[in-house]
Amino acid sequence: MAVIVLSLSLSSSINLYSQITTYQKTLEQSVVVAAEVTGGQAKPFIVEDDVRILELMLSALVSSPTIENVHIYKVDDESELSLLASYNKTGIAPVRAKYSQINELFIPQQSLDVMEVVRPIYLEDKLIGYVYVRSSVASLDLLITRSFIITFGVFLLCLAVCFLLIFKLQRSITSPIEGMGKLVQRISRTKDYSSRVDAHGIKELDILGSAFNGMLFNTQEYIDKQAQAEAEQLKLTVSLEGKVQQRTLALKEANSELIHTLEQLHQFQRQIVQNEKMASLGDMVAGVAHEVNTPIGLGVTASTMMLDRLADMRVAFEGKTLKASALTKFIDEGEENLNIIYRNLNRAAELISSFKQVAVDQSSESSRVFSFSNLMSEILISMGPTLKKTPYKIHIACSDDIIVESKAGPINQIMINLIMNSIIHGFEGMEEGDINIKIELMENSKVKIDFVDNGKGIPEQLCKRIFDPFVTTKRGQGGSGLGMHLVYNLVTQGLNGSISIVSEEHHGVHFSIMFPVKIVDSKHVNASTFK
C-alpha cells in the first residue's frame, strides 16, 4: 500500500503539474495573440494619430471575458513614448502608463490575479509603437482548482480500488500461511510429525507446502533413527561403564606415578642448581688458593733467607768475628726481606678478605649495606685467577656514590654467571672481547645493570628460551644449561626484579637487569661498614 500510495501520489502530482503548466502556457499564448492582433489592427491609425478610431477598435474587446486593460503607445521621431488610446473593462479600474516597464513586459509577467504583456508595433521594419495588454487569470485559477479536484478524486478512487484488491490478495495468501502456522504450532506441542499441509491451488504456496511436507517426512524419519540409535547407545553405555571404571583406575595409577616422577624431577633440578652454585664457588676457591700461594710462597722464601742470614750472624757474633760491613749488609738485606714479606702477606690478606666477603655473600640471603663499586671490585678480585687466563677485558662504569642496602649474595652470583657465560659461550673462538657493565641508580629507588658484550651473540630461537632450565649449546661438553636459569631465578625471586635480553647472532648480547633497593645516604655511613 505504501508503494501504491507513493506511485499514485507521484503520478498525480506529475499530471497536475503538467495540466497547470499547460493552462498557464495557453493563457500566455492567448494574451500574446490578443496583443499582436490588436497591434496589427492599430498600425494605420497610429500613423495617422486617429485616436477616435483606436478607441472604437479597442471597445470591441469588451467581448473578451479575460482582457481587462489595453494601452496603445506611439513612438515619435525622437523615440519618445506617448499614450494614444486605452481600454478599461467595465468595473475594472484604469492602470497607469507602463513607460518604464515596456522592455520588461516583452516576456509575459503573471502576478497574483493578472497577466501583463507588451508587444512592439512595426510598419515596414520601423517601430511605430507598442501595445500593452492586461488579462485576468481568474479563469486559470478555476481550471487549476477543477484539475486539482478531479485529480484528487481519481487518486482516492484508485487508492480505494487498490486497497480492496490488495486486501483480497492478502487474504488469499495469508489464510493458507496462517493455517500452516497453526499446523506448526500443533506439531510443536504434540510432536506428531505425521501431519501434512493441504494444497491450495496457488503455485508458490503449493511449492512451500510440498517442501514443508518433505521436511516433516525427513524429521519423522530422523526421529525414528534417533530413537533406534538411542536404544543402541543405551546398550553400549552399559557395556562401557565397566571399561570406563577400569580405565579410570589405570589413569589414577598413571597420575600417581607421574606426580612422583615430577617431584623427583623438581628435587633433581634443585639439587643441580645447588651443585651449580657450589661448582662456581669451588672454582673460585681453587683460583683464589692458587693466587694466594704466590705471595705466601714469596713470604716463606724471604723469611727462610732471613733465618739463614740470622744464623750466620749469630755464629759470627759468638765467634767475635762480626764486622761492621757484614752487620750493615745484614740490616739492608733484612729490611728488603721484611718489605717483601710485608707486601706479599698484605696482598694475601686482601685476596682472602675479598674472597671471604664474596663467599659469605654467595652463601647468605640476608641484606647488607654496600657500595656497588666496592662490590664489583670484590667480584673481579675473586675472579682474578680465571680472568688472568683470558685475553678479554671487563669495563665497569659505576659511580662511587651508589650505596644501597640489598642482597649482595644474589648480585655476586648473577654477575659471576654472566661474566663466565660471556667468556665460555660469547667469546668462544675469539682472540679478544670486551664486556661493558654499566650500573646506575634510577629515580624510583631501583638499580639498573646493563651487561653488554661484543661476542658471538645468541640465535633467535635460542634467545627465546635462554632462561629455561637445561637450555645449553654445550650439551655433552660439561654444560648443564642451568646458569641462565639460575640468574633468572636470582633476579626475579632473590632480588624481586626483572631481567630482559636483546641479542642477535654475531652482534653480541645485552642483558638489562632492574631491581628495587634501599638507598643509603653516604654521609651517614661509616667506611668500615663496607669491609
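Start by selecting Ser445. Ser445 is partly exposed, with a relative accessible area of 32%. This is a predicted model, so treat each stop as a prediction. Ser445 sits in the loop between β9 (434-441) and β10 (446-453). Check its backbone: phi is positive, about 55 degrees, although Ser445 is not a glycine.

**The hairpin around Ser445**

Now show β9 and β10 together. They form a hairpin with four residues between the strands. The two strands run antiparallel, and seven bridges join them. Which residue of β10 is the bridge partner of Glu440? Select Lys448 to see the partner. Colour by confidence while you are here. Among the elements of the protein, β10 has the highest mean pLDDT, 94.

**Across to β12**

Keep β10 on screen and add strand β12, residues 509-516. β10 and β12 pair in the antiparallel sense, over eight bridges. Select Phe451, then look for Phe511 in β12, which stands opposite. In a regular strand the side chains alternate between the two faces of the sheet.

**A serine in helix α8**

Next, select Ser422 in helix α8, residues 408-426. Is Ser422 buried or exposed? Its relative accessibility is 3%, so Ser422 counts as buried. Show side chains and find Asp453. A polar contact of 2.8 Å joins the side chains of Ser422 and Asp453. Set aside the neighbours within four places in sequence, and Ser422 is in contact with Phe427, Ile435, Phe451 and Asp453. You met Phe451 at the previous stop, opposite Phe511.

**Helix α10**

Move to helix α10, residues 483-494. Select its buried residues: Gly483, Met484, His485, Leu486, Val487, Leu490, Val491 and Gly494. An α-helix has 3.6 residues a turn, so residues three or four places apart point the same way. Step just past the end of α10 to Asn496. Here phi is positive, about 60 degrees.

**A five-stranded sheet**

Now go back along the chain and show β1 to β5. They make an open sheet of five strands, in the order β2-β1-β5-β4-β3, with antiparallel pairing. Which strands stand at the edges? They are β2 (81-88) and β3 (109-110). Each has a single partner strand, so one side of each is left without a neighbour in the sheet.

Zoom in on β1, residues 67-75. Seven bridges join β1 to β2, and the two run antiparallel. Pick Ile72 and find its bridge partner in β2, Ala85. Then add helix α2, residues 51-59. The helix lies across β1 and β2, running at about 35 degrees to β2.

**The loop at Lys320**

Select Lys320, in the loop between α4 (203-318) and α5 (324-363). Lys320 is exposed, with a relative accessible area of 79%. Lys320 also has a positive phi, about 55 degrees, although it is not a glycine. Look along α5 with the confidence colours on. Among the elements of the protein, α5 has the lowest mean pLDDT, 70. Where pLDDT is low, the predicted coordinates should not be read in detail.

**Zoom out**

Finish with the whole protein in view. The secondary structure comes to 10 helices and 13 strands. Of the 531 residues, 33% count as buried. Switch on the surface: the protein exposes about 33300 Å², and carbon and sulfur atoms supply 58% of it. Take contacts between residues at least 6 apart in sequence: 66% of them join residues at least 24 apart. The protein averages a pLDDT of 82, and 88% of the residues score at least 70.

Notes: Residues are numbered from 1 along each chain as its sequence is written. This is a predicted model: local features need pLDDT of at least 70, side-chain atom pairs count only at pLDDT 80 or more; totals for chains, interfaces and linings use all residues. Side-chain values use heavy atoms; hydrogens and water are left out. Buried means under 20% relative accessible area, exposed over 50%, partly exposed in between (1.4 Å probe, protein chains only). Two strands pair if DSSP finds at least two bridges between them. Contact means heavy atoms within 4.5 Å. Axes are lines fitted to C-alpha atoms, for helices over the stretch in contact, and angles run from 0 to 180 degrees between N-to-C directions. Accessible areas come from the Shrake-Rupley method with a 1.4 Å probe; for residues, only the protein chains shown count as cover. pLDDT is the predictor's confidence in each residue, from 0 to 100. A polar contact is a pair of N or O atoms within 3.5 Å; within protein, one must be able to donate a hydrogen and the other to accept it, and residues adjacent in sequence count only if both atoms are side-chain atoms.
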